[in-house]
Amino acid sequence: MKEFTPTAQRVYDYLRTIPKGKVVTYGQIAEYLGNKNMCRAVGNILHDNPLPDYYPCYKVVNAKGLLAKNFGLGIEEQKQRLEKDGIKVADYRVDLKVFQWK
């Protein structure tokens, strides 16, 4: 398995804790890391995810619930994976009031 930086490893480990049927935002992950301004860094780490089937980065959306335009496997694949997980996606957006994990 690929060796990650400690920060990247924390991000990937966090992804594994998100329950089925729930999403988180980049900001939530940044806050988990202890710095709410790290949203862009979190996005870069997720973009480089070498194991999207093991580390479910498809469960991460922006603060408005929008899917990631630069999701590594493509926005359509993110949409399909979310829907398969039981998450309703309308116009490439997830209702955070319903599906956000807190």
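This passage looks at how helix α1 packs and at the nonpolar cores of the structure. The model is predicted, so local features need pLDDT of at least 70 and side-chain atom pairs count only at pLDDT 80 or more, while totals for chains, interfaces and linings use all residues. Residues are numbered from 1 along each chain as its sequence is written, and side-chain values use heavy atoms, with hydrogens and water left out.

Helix α1 spans residues 6-15 (helices are DSSP runs of H or I, at least four residues; strands are runs of E, at least two; both are numbered from the N terminus). Its buried residues (under 20% relative accessible area, 1.4 Å probe, protein chains only) are A8, V11, Y12, Y14 and L15. Seen down the axis of α1, they fall within an arc of 160 degrees (taken from the directions from the helix axis to the C-beta atoms), so they line one face of the helix. That face packs against β1 (24-25), α2 (26-33), α3 (39-47) and β2 (60-61).

The largest nonpolar core (buried Ala, Val, Leu, Ile, Met, Phe, Trp, Tyr and Cys residues joined through side-chain atoms within 4.5 Å) has 19 residues. Y12, L15, I29, V42, L46 and V60 touch the most other members. Two or more residues come from each of α1, α2 and α3, with α1 giving the largest share, five residues. Leaving aside neighbours within four places in sequence, V60 is in contact (heavy atoms within 4.5 Å) with L15, V24, T25, Y26, I29, L46 and Q78. Apart from this core lies another, of 10 residues, among them Y58, L82, L96 and F99.

Terms used. Buried means under 20% relative accessible area, exposed over 50%, partly exposed in between (1.4 Å probe, protein chains only).
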